[in-house]
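Me: Please give me a close look at one helix of this model and what packs against it. Then set that part in its wider surroundings.

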Amino acid sequence: MEPRDRITKDEMAKMVRLLAIGITALGVLASAANATEWPSRPVRIVVPIGAGGSYDLYGRLVARHIGKHIPGQPIVVAQNMPGTGSLKAAAYIYEVAPKDGTALGVVVESAALEQALGNPAAQYDAARFTYVGRVATSNNIFMQWHSAKVQSIEDSKKFESSLAGTGPGSIAETVPRLINALAGTKFRLVSGYPASNEAMLAMERGEVEGASSSWAAVSVGKKEWLRDKKIRIILQTAPERSKELPDAPALPEIGTSTEDRQVYQLYASGSAIGRTVIAPPDMPPERVRILRDAFNAMVKDRDFIADIQRLNVELDPLPGERVQELIVRTLNVPQAVRERAKLAFGR
């Protein structure tokens with residue numbers, strides 16, 4: 001029998017199939033390698049307000065430490081991007097930022113809430129962001145200068161008080177508008193201040209009688225005000241009174257009806273979002289895993305914890321997956337509560 005020197009059609013088809021499988025496998029391996037190989041350029045963390053305040057504080061805190069836990073230990077820098085009531089940064093992360101892990105942001109805690117209530121400035125779908133992890137919860141406070149006529153929420157129902165505003169999507173403006181509509185307070189917003197740092201300076205100078213900031217920023221940066229009783233804290237936006245602020249009512253407490261308390265509770269829910277690090281939507285799953293692993297390692301790192309203690313600020317971390325659940329819960333707020341809140345703002 002003569003040796004066969006030609007390949008049959010069936011054998012040729014089998015070889016082609018095997019070659020195709022091999023090429024596909026190589027492509028998958030290459031994609032996996034590209035996903036895990038971190039870009040050489042620096043990582044940026046976008047901060048939604050100007051310098052000063054707790055967003056800036058936590059954004060720079062993360063920038064100092066998270067790079068240590070990312071492959072290649074890239075340089076990480078914080079970049080302030082104020083505007084549109086702190087929602088400009090969210091829109092940038094959502095629409096423009098590269099999806100390779102080199103662009104992160106500290107989300108404004110009301111981002112999902114503003115979307116749920118139909119704020120036209122909320123140009124994103126909060127459920128689609130990549131949530132890397134929460135560093136800490138937040139508690140925003142409203143304060144009055146010691147010489148102001150208004151020294152309590154009850155006073156604010158009798159007398160007008162000027163408040164520094166930091167943009168239409170900011171807690172500094174949404175909460176006063178809300179309680180003016182529902183509780184009958186008489187706060188007069190003076191808009192145009194870029195961030196809480198400038199708002200507090202305006203209060204100190206006498207341009208306005210009151211301002212808002214996070215308790216973390218005030219307790220760290222304005223200790224002399226607290227010591228010398230320069231300010232009176234009249235409201236905190238957490239769901240319940242903080243142990244550190246036993247004399248200031250929590251937002252839900254000022255509601256006089258079940259419906260109003262539900263709306264206030266919705267606004268107070270942003271406290272749980274707190275100071276959360278986000279990344280753009282639709283990122284490769286492997287990049288998401290790397291970022292979340294880096295974040296989870298960072299919040300347990302001794303150097304990071306020492307920095308937290310040095311600054312004397314809160315550390316209450318939550319994994320990104322859990323933050324995602326909180327966001328979805330906010331977006332699924334009952335329609336009756338949504339409409340009651342919209343009515344308060346005339347939306």
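The helix I have in mind is α10, and the questions below start there. At what angle do α6 and α10 pack? Which residues of α10 are buried, and what covers them?

Reply: First, a caution: this is a predicted model.

Start with the pair. Helix α10 spans residues 258–268, and helix α6 spans residues 171–183. The two pack at an angle of about 175°. Their axes lie 11 Å apart. An angle over 145 degrees counts as roughly antiparallel, so α6 is roughly antiparallel to α10.

Now the contact itself. On the α6 side it is made by T174, L178, I179, L182 and A183. On the α10 side it is made by D260, V263, Y264 and Y267. By class, this contact has 7 nonpolar, 1 polar and 1 charged residues. The charged one is D260, because Asp counts as charged. The polar one is T174, because Thr is among the residues counted as polar.

Next, burial. The buried residues of α10 are D260, V263, Y264, L266, Y267 and A268. Buried here means under 20% relative accessible area. D260, V263, Y264 and Y267 are therefore both buried and in contact with α6. L266 and A268 are buried as well, but they are not part of the contact with α6. One general point helps in reading such lists. An α-helix has 3.6 residues a turn, so residues three or four places apart point the same way.

Helix α6 is one of several elements over the buried residues of α10. The cover also includes α4 (111–116) and α11 (270–273). Further along the chain, α14 (320–331) and α15 (335–345) are included too.

Step back to the whole chain. The protein has 347 residues, and buried residues make up 54% of them. Its secondary structure comes to 15 helices and 11 strands. Among contacts with a separation of 6 or more, 76% join residues 24 or more positions apart.

Then the pockets. The largest holds about 420 Å³ of space. It is lined by 19 residues, with N139, W215, S242, E244 and E314 nearest its centre. Helices α2 (54–65) and α8 (215–221) each supply at least two lining residues. Helix α8 gives the most, with 3 residues. By class, this lining has 6 nonpolar, 9 polar and 4 charged residues.

The second largest pocket has a volume of about 320 Å³. It is lined by 13 residues, and L226, I231, R232, I233 and D247 are the closest to its centre. Strand β9 (residues 231–236) provides the largest share of the lining, 3 residues. This lining divides into 7 nonpolar, 2 polar and 4 charged residues.

Finally, two backbone details. K229 sits in the loop between α9 (223–227) and β9. K229 has a positive phi of about 55°, although it is not a glycine. At 64% relative accessibility, K229 is exposed. Q73 lies in the loop between α2 and β2 (76–80). Q73 also has a positive phi, about 45°, and is not a glycine either. Q73 is exposed, with a relative accessible area of 56%.

To return to the request: α10 packs against α6 at about 175°. Its buried residues include V263 and Y264, and both take part in the contact with α6.

Definitions and conventions. Residues numbered from 1 in each chain as written. Predicted model: local features only at pLDDT ≥ 70, side-chain atom pairs only at ≥ 80, totals over all residues. Heavy atoms only, no water. Axes fitted to C-alpha atoms, helices over the stretch in contact; angles between N-to-C directions. Helix = DSSP H or I, 4+ residues; strand = E, 2+ residues; numbered from the N terminus. Parallel < 35°, antiparallel > 145°, perpendicular 65-115°, else oblique. Contact = heavy atoms within 4.5 Å. 1 Å grid on protein atoms, 1.4 Å probe; cavity = no way out; pocket = protein on both sides within 12 Å on 5 of 7 lines; lining within 4 Å. Points joined across faces, edges and corners; volume = space filled by probe spheres on them. Buried < 20%, exposed > 50% of the residue type's maximum accessible area, 1.4 Å probe, protein only.
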